[in-house]
Structure formats: C-alpha cells, structure tokens
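Hi everyone, thanks for coming. Let me put the structure up on the screen, and then we can walk through it together.

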Amino acid sequence: MLRKIYNRWVTLSLKNRVNVTKTIVINLLLFPLRKALHFPILIYGPCKLGALSGKIVFLSPIKKGLLRIGLSDNVRSWHSKSFIEIRGTVEVGENVVLRRGISLSVRSDARIVFEDNTFVADNNTIISFDYVYFGRATLVGNNSVFMDTDFHYVIRTDTREIKKNVNPIIIGENCWIGGWCTIKKGTQLPKGTIVAGPYSMVGKNYMGIIPEYSLIAGSPAKMLMKNVRCMNNQRSDIMIDEYLKKGADSFILPEEIDVNTFCTSDS
C-alpha cells in the first residue's frame, strides 16, 4: 500500500503542468487579444522570457497549443529552465514541440520556421541571425546546437578577405538530428537525413552530395549509409516491440505495407 501511495505521489508531482503566468504573458505580448485568448502557445515548467519585440506567425488556423514549450520528463530536463527571445520572426505549423531547456534566440530581421510536427527534444539551443528552417516531421535529439552565425568574422591574412559570418540552415522534412550534435551555418540536409550523434558536426550543403534518406555522422559529418529512414509512428513502434519480444532479432516489413505510412505518425 505504501509503495502504491508513493508511486502515485511521484506520478502526480512529476506531471507536466502549464506555467500559467508565462503562458498568459507570452500570448498577450505576441498576439491581439482575440488570438491570445485561444492560447496558441503553451509554456510548461520554468521559463525565462527575454525580449519579445518580434512576432510569431502561425501557418494554420489559430487554436490552443499549436506550439508547446517546456514539456519534460524527470530523466533529461526536469530541473532545466527554458529561455525564449524573439526579436525577429518565428513561423510555426501545427503540433510543434520545443521541450524543456530550449534556448531559442531570434535576432532582429532573422527568421525561424518550424513546419508541422517538428519535435525538438530537451536542452537544445537554436540561435538565428539569418534564417533557420525545420521541415515537416523533423525530430531533434537532446542537447544539440543550431547556429546560423559564427558570431565573429575571420580574415584571410594572405588575401585580406573577410567573408560574411551568417548563412541559412535548411533541415529537410522527416530528418532526424541525434543528440549532442552541432549544426552550423550553411547546413542544408535533404529529406529524411539522419545525423547520428553524439558529437557529429554538420556545416555544409549536402544537397546533391548525398541522396535522400541517408545517415551521416562524424566531425565533419560524412555519409555512412543510404536507404535508411527514421520511424516516427508510435503504433508501428508498439507492433515491432511486441514482435521482437518473441525472440526475433529483426522485423521485415511485408511488401504490401507502404513504408511511408508505416514510418509516419498520424498526428
């Protein structure tokens, strides 16, 4: 009985709760009252709000919880604090999640786009001085960094040339960025790219260099495998779990089942 009471108490105490104050503040500061009262942004847990002189543009009809910030679990980020600073523009699709510990900074005249079903895990840093784009259904592991700027300039001492220190980041749809990776300015990834972590560093345009659905890793990242795809379908995961529990080492998807449907979540 004591164990049941304890486990129930733990479950309730670790439940994600909306940070009512920060949720009200961010919605009222970024939207007209009529839109703000729909609470399209929900903030969970501790969060520090920086400058909010920019704007958020939703790419779908306004409704509650289009953007959820600060969801957490007790393993990776329960004691972390999120930070949001929007001086430029953030465009958001449906069902976008930025988990707890996110440090999001959009400088003046800069732009970040999160397409539908983008999921950014715990303790990530995203800094934009120019343009950062996350394609539909892209997944990002914990503790990765995205920066479209070097912050400083570098001069070639022989030619005396100084190049610009910003360059857009373009992450294609259905990509998966592993944990503890660094995505630098100028990165462009084709559809379905997997960046294996930890500690991979990506900093160039891979379009036309690697095919869609490739796995890259390393510093700098290079292609290790092609024809591989991240799965993002909970029902499929459960089915595979049940099959593998019976003792098999692998599961072969039957030819009659569409790979895209099998890998993609309905949400």
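Let's begin with Phe-134, which stands opposite Ile-171 in strand 15. Strand 12 (residues 131-134) and strand 15 (residues 169-171) run parallel and are joined by three bridges. When I say strand or helix, I mean DSSP runs numbered from the N terminus: E with at least two residues for strands, H or I with at least four residues for helices. Two strands pair if DSSP finds at least two bridges between them.

A quick word on the source: this is a predicted model, where local features need pLDDT of at least 70 and side-chain atom pairs count only at pLDDT 80 or more, while totals for chains, interfaces and linings use all residues. Residues are numbered from 1 along each chain as its sequence is written, and side-chain values use heavy atoms, with hydrogens and water left out.

Back to the sheet. Strands 12 and 15 belong to an open sheet of six strands, in the order 3-6-9-12-15-18, with parallel pairing. Its edge strands, each pairing on one side only, are strand 3 (55-58) and strand 18 (188-189).

There is also an open sheet of seven strands, again with parallel pairing, and its order is 2-5-8-11-14-17-20. Here strand 2 (47-49) and strand 20 (201-202) are the edges, each pairing on one side only. Strand 2 runs parallel to strand 5 (residues 82-86), and three bridges join them. One bridge partner to look for: Leu-49 goes with Ile-84 in strand 5. Helix 2 packs on this sheet, touching strand 2 and strand 5; touching, or contact, means heavy atoms within 4.5 Å. The direction of helix 2 makes about 25 degrees with that of strand 2, with axes fitted as lines to C-alpha atoms, for helices over the stretch in contact, and angles running from 0 to 180 degrees between N-to-C directions.

Now, over to Ala-196, in the loop between strand 19 (194-195) and strand 20. Is Ala-196 buried, partly exposed or exposed? Ala-196 counts as partly exposed because its relative accessibility is 24%, and that class lies between buried, under 20% relative accessible area, and exposed, over 50% (1.4 Å probe, protein chains only). Leaving aside neighbours within four places in sequence, Ala-196 is in contact with Cys-181, Leu-215, Ile-216 and Ala-217.

Last stop: Leu-33, found in helix 3 (residues 33-36). With a relative accessible area of 54%, Leu-33 is exposed. Thanks, and I'm happy to go back to any view.
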